[in-house]
Amino acid sequence: MQSVRIRTAALTVAAALGVPLTLGVSASQASASDASPTATGTASPSASPSPGNQSFGPDCSMLPQSGNGGAAQMAHENVATAVENNPNLSMLADAVKKTDLASTLKGLKGSTVFAPTNDAFDKLGAAKRDALLNDKAQLKKVLTYHVVEHKKITKSQLSHGSFTTLEGSTLTTSGSGDSFKVNGSVPIACGNIPTKNATV
């Protein structure tokens with residue numbers, strides 16, 4: 001089974017377009033970082049991961065060691081369920097429900113999801129955040145911008161990456177070592193997290 005990784009990062013809004021909050025979460029190791037919103041390998045957190053399949057980023061240590069939101073639990077859930085059960089992604093889970101994107105996320109295979117954390121939504125400010133969460137069409141556009149379908153993005157591809165998103169626009173990544181950014185400004189807080197069908 002392929003995994004999906006979710007990459008967590010802060011959200012940013014492209015001012016002029018009002019479009020993307022740029023999230024950085026890599027779903028499962030088989031899809032995000034090598035399968036995160038575009039890349040990952042297929043590794044179970046219970047097995048010893050190879051260096052290329054390990055989670056990376058400054059906030060990985062903040063993931064729970066077990067239970068909801070922990071890498072081991074997320075690896076056994078589809079990406080939509082993993083997001084819903086992760087307390088740090090509750091605003092994203094609410095947004096997914098509002099836009100009826102759960103079935104889309106459940107249907108992903110070998111994809112990467114750049115998942116915005118609650119902090120990313122909060123950085124928009126209450127007025128912008130609430131306006132976005134109440135505009136279903138714009139919210140759907142923003143959320144689908146954070147998904148790279150059928151693309152397992154590996155850590156090595158993040159250095160100078162350019163990926164077409166489910167929304168149809170281009171998302172870029174840059175950086176080195178364990179420090180990467182989305183669109184030149186949004187840090188990936190924790191990448192290469194595997195789920196059953198995608199990498200966050």
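Start by selecting S55, C60, S61, L63, P64, Q65, G70, A71 and A72: together they line the second largest pocket. You are looking at a predicted model, so keep that in mind at each stop. The space in this pocket comes to about 160 Å³. Colour the lining by residue type and you will find five nonpolar residues, four polar ones and no charged ones.

**Next stop: the cavity**

Now switch from pockets to enclosed space. How many cavities of 30 Å³ or more does the structure hold? There is one, and its volume is about 110 Å³. For a good view, centre on V96, L105, V113, L143 and V147, which are the closest to the middle of this cavity among the 17 residues that line it.

Then bring up the elements around it. Select α2 (79-85), α3 (90-98), α4 (102-106), β5 (112-116) and α7 (136-145); each of them gives at least two residues to the lining. Which element supplies the largest share? That is β5, with four residues. If you colour this lining by type as well, 14 residues come up as nonpolar, three as polar and none as charged.

**Along α3**

Stay with α3 and pick out L92, A93, A95 and V96, the buried residues of this helix. Turn the view until you look down the helix axis: these buried residues fall within an arc of 160°, so they line one face of α3. As background, an α-helix has 3.6 residues a turn, so residues three or four places apart point the same way.

What do the buried residues of α3 pack against? Show α2, α4, β5, α5, α6 (126-133) and α7, and you have the partners on screen. V96 is worth a second look here, since this buried residue of α3 is also one of those closest to the centre of the cavity. Before leaving, step just past the end of α3 to D100, where phi is positive, at about 55°.

**Last stop: N118**

Finally, select N118, in helix α5 (residues 118-122). Is this asparagine buried or exposed? N118 has a relative accessible area of 15%, so it counts as buried, the cut-off being under 20%. To see what surrounds N118, show P87, N88, L89, S90, M91 and L92: these are its contacts once neighbours within four places in sequence are set aside. L92 links this stop to the previous one, as it is in contact with N118 and is among the buried residues of α3.

Conventions
Residues are numbered from 1 along each chain as its sequence is written. This is a predicted model: local features need pLDDT of at least 70, side-chain atom pairs count only at pLDDT 80 or more; totals for chains, interfaces and linings use all residues. Side-chain values use heavy atoms; hydrogens and water are left out. On a 1 Å grid over the protein atoms alone, a cavity is a set of points where a 1.4 Å probe fits but cannot get out, and a pocket is an open set with protein on both sides within 12 Å along at least five of seven lines; lining residues have an atom within 4 Å of a point. Grid points are joined across faces, edges and corners, and a volume is the space filled by probe spheres set on the points. Ala, Val, Leu, Ile, Met, Phe, Trp, Tyr, Cys and Pro count as nonpolar, Asp, Glu, Lys and Arg as charged, and the others, Gly among them, as polar. Buried means under 20% relative accessible area, exposed over 50%, partly exposed in between (1.4 Å probe, protein chains only). Contact means heavy atoms within 4.5 Å. The arc is that of the directions from the helix axis to the C-beta atoms.
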